[in-house]
Amino acid sequence: MTTIAASPGISQTASALRRLYFVRFAFAIVWAGVTIATAKEIGPLAVALFVLYPLFDVGAAIYDLRSSRATGSPTLLYVNVAVSLITAVGVGVAGASGIPAVLRVWGAWAIVAGLVQLIVGVTRRKMGGQWPMIISGGISVLAGGSFIVGASADHPSLTNAAGYAIPGAIFFLIAAVRLGRAAKGN
């Protein structure tokens, strides 16, 4: 068995990402539970919850930017921050128009954020623990398309959009666990 020592920059980044992924797992599970339980209809609470998720994504991307400066280009993380901020505003505005409008904004965000997550995961493959992020990004793209299509259904629902956070949470948990070796520097 051979052990390859990770550079200090990769080890520190992996450790920071591991913490972030555990936090993202916990947030997404709690958010999904609360949102599924309360977002049967479009109302101020449902809109606030759907605004909160992309805002949390902004905070996570900023933390990621600060933690991973030494390991790659931050361009896609800046894109994620911008897109998530626009999404938060868009969901807030769309909430006044009803569930279909929210689903269209949410779906577009899921597609773009999923593509960013997939590409960032591919660029970080050498760090380890990124396959769950790559898979999750791909699933997000597909889910986003389904939200946009679902917006045209006879009785569109926010439940599937809220449930979207659960697989993402599980992938964050798997990635956090898998990053353990890189975080320890071996």
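This tour moves through a predicted model, from the whole chain to its open and enclosed spaces and then to single residues.

**The whole chain**

Begin by displaying the protein chain as a cartoon. Its secondary structure comes to eight helices and zero strands. Followed from the N terminus, the elements run α-α-α-α-α-α-α-α. The chain has 186 residues, and buried residues make up 44% of them. Consider next the contacts between residues at least 6 apart in sequence: 77% of these join residues at least 24 apart.

**The annotated regions**

Now select residues 21-39, 45-65, 77-99, 105-123, 130-149 and 161-180. An unreviewed UniProt entry gives these spans the feature "transmembrane region". Two of the spans may be examined in turn.

Select residues 130-149. This stretch is 95% helix and 0% strand, and its end C-alpha atoms are 29 Å apart. Then select residues 161-180, where the chain is 90% helix and 0% strand, with 30 Å between the end C-alpha atoms.

**The largest pocket**

Which residues are closest to the centre of the largest pocket? First note the volume of this pocket, which is about 450 Å³. Its lining has 32 residues, and the closest to the centre are Arg-24, Asp-57, Ala-113, Gln-117 and Phe-172. Select these five residues to locate the pocket in the viewer.

Next, colour the helices that surround this space. Those giving two or more residues to the lining are helix 1 (8-38), helix 2 (44-67), helix 3 (75-94), helix 4 (99-123), helix 5 and helix 7 (165-178). Helix 4 gives the most, with seven residues. If the lining is coloured by class, it divides into 20 nonpolar, eight polar and four charged residues.

**The largest cavity**

Turn now from the pocket to the enclosed space. The structure holds one cavity of 30 Å³ or more, and the largest cavity contains about 30 Å³ of space. To find the place, select Arg-24, Phe-27, Ala-28, Tyr-53, Phe-56 and Phe-172, which line this cavity. Arg-24 and Phe-172 will be familiar from the previous stop, as both are among the residues closest to the centre of the largest pocket.

Helix 1 and helix 2 each supply at least two residues of the cavity lining. The greatest contribution is that of helix 1, with three residues. By class, the lining has five nonpolar residues, no polar residues and one charged residue.

**Ser-84 in helix 3**

Select Ser-84, which is found in helix 3. Is Ser-84 buried or exposed? Its relative accessibility is 0%, so Ser-84 counts as buried. Show the residues around Ser-84 as sticks: apart from residues up to four places away in sequence, Ser-84 touches Pro-54, Asp-57, Val-58 and Trp-109. Asp-57 has also appeared above, among the residues closest to the centre of the largest pocket.

**Ser-140 in helix 5**

Move to Ser-140, in helix 5 (residues 131-150). Ser-140 counts as buried because its relative accessibility is 4%, where the limit for a buried residue is under 20%. Which side chain makes a polar contact with the side chain of Ser-140? The partner is the side chain of Tyr-164, at 2.7 Å. Beyond its neighbours within four places in sequence, Ser-140 is in contact with Ala-110, Ile-111, Gly-114 and Tyr-164.

**The loop between helix 4 and helix 5**

Select Arg-125, which lies in the loop between helix 4 and helix 5. With a relative accessible area of 44%, Arg-125 is partly exposed. Not counting residues up to four places away in sequence, Arg-125 touches Gln-130, Trp-131 and Ile-134.

Then select Met-127, whose place is also in the loop between helix 4 and helix 5. Met-127 has a relative accessible area of 8% and is therefore buried. Add Thr-13 to the selection and draw a line between the two C-alpha atoms. Met-127 and Thr-13 are 114 residues apart in sequence, and their C-alpha atoms are 8.8 Å apart in space.

**The final stop: Gly-180**

Finish at Gly-180, found in helix 8 (residues 180-184). Gly-180 is buried, with a relative accessible area of 6%. How far apart in space are Gly-180 and Gly-129, and what is the number of residues apart in sequence? Their C-alpha atoms are 8.2 Å apart, while 51 residues set them apart in sequence.

Key. Residues numbered from 1 in each chain as written. Predicted model: local features only at pLDDT ≥ 70, side-chain atom pairs only at ≥ 80, totals over all residues. Heavy atoms only, no water. Helix = DSSP H or I, 4+ residues; strand = E, 2+ residues; numbered from the N terminus. Buried < 20%, exposed > 50% of the residue type's maximum accessible area, 1.4 Å probe, protein only. Polar contact = N/O pair within 3.5 Å; in protein donor to acceptor, adjacent residues only side chain to side chain. Contact = heavy atoms within 4.5 Å. 1 Å grid on protein atoms, 1.4 Å probe; cavity = no way out; pocket = protein on both sides within 12 Å on 5 of 7 lines; lining within 4 Å. Points joined across faces, edges and corners; volume = space filled by probe spheres on them. Nonpolar A, V, L, I, M, F, W, Y, C, P; charged D, E, K, R; others polar. UniProt positions renumbered as here; feature names shortened; annotations may be inferred.
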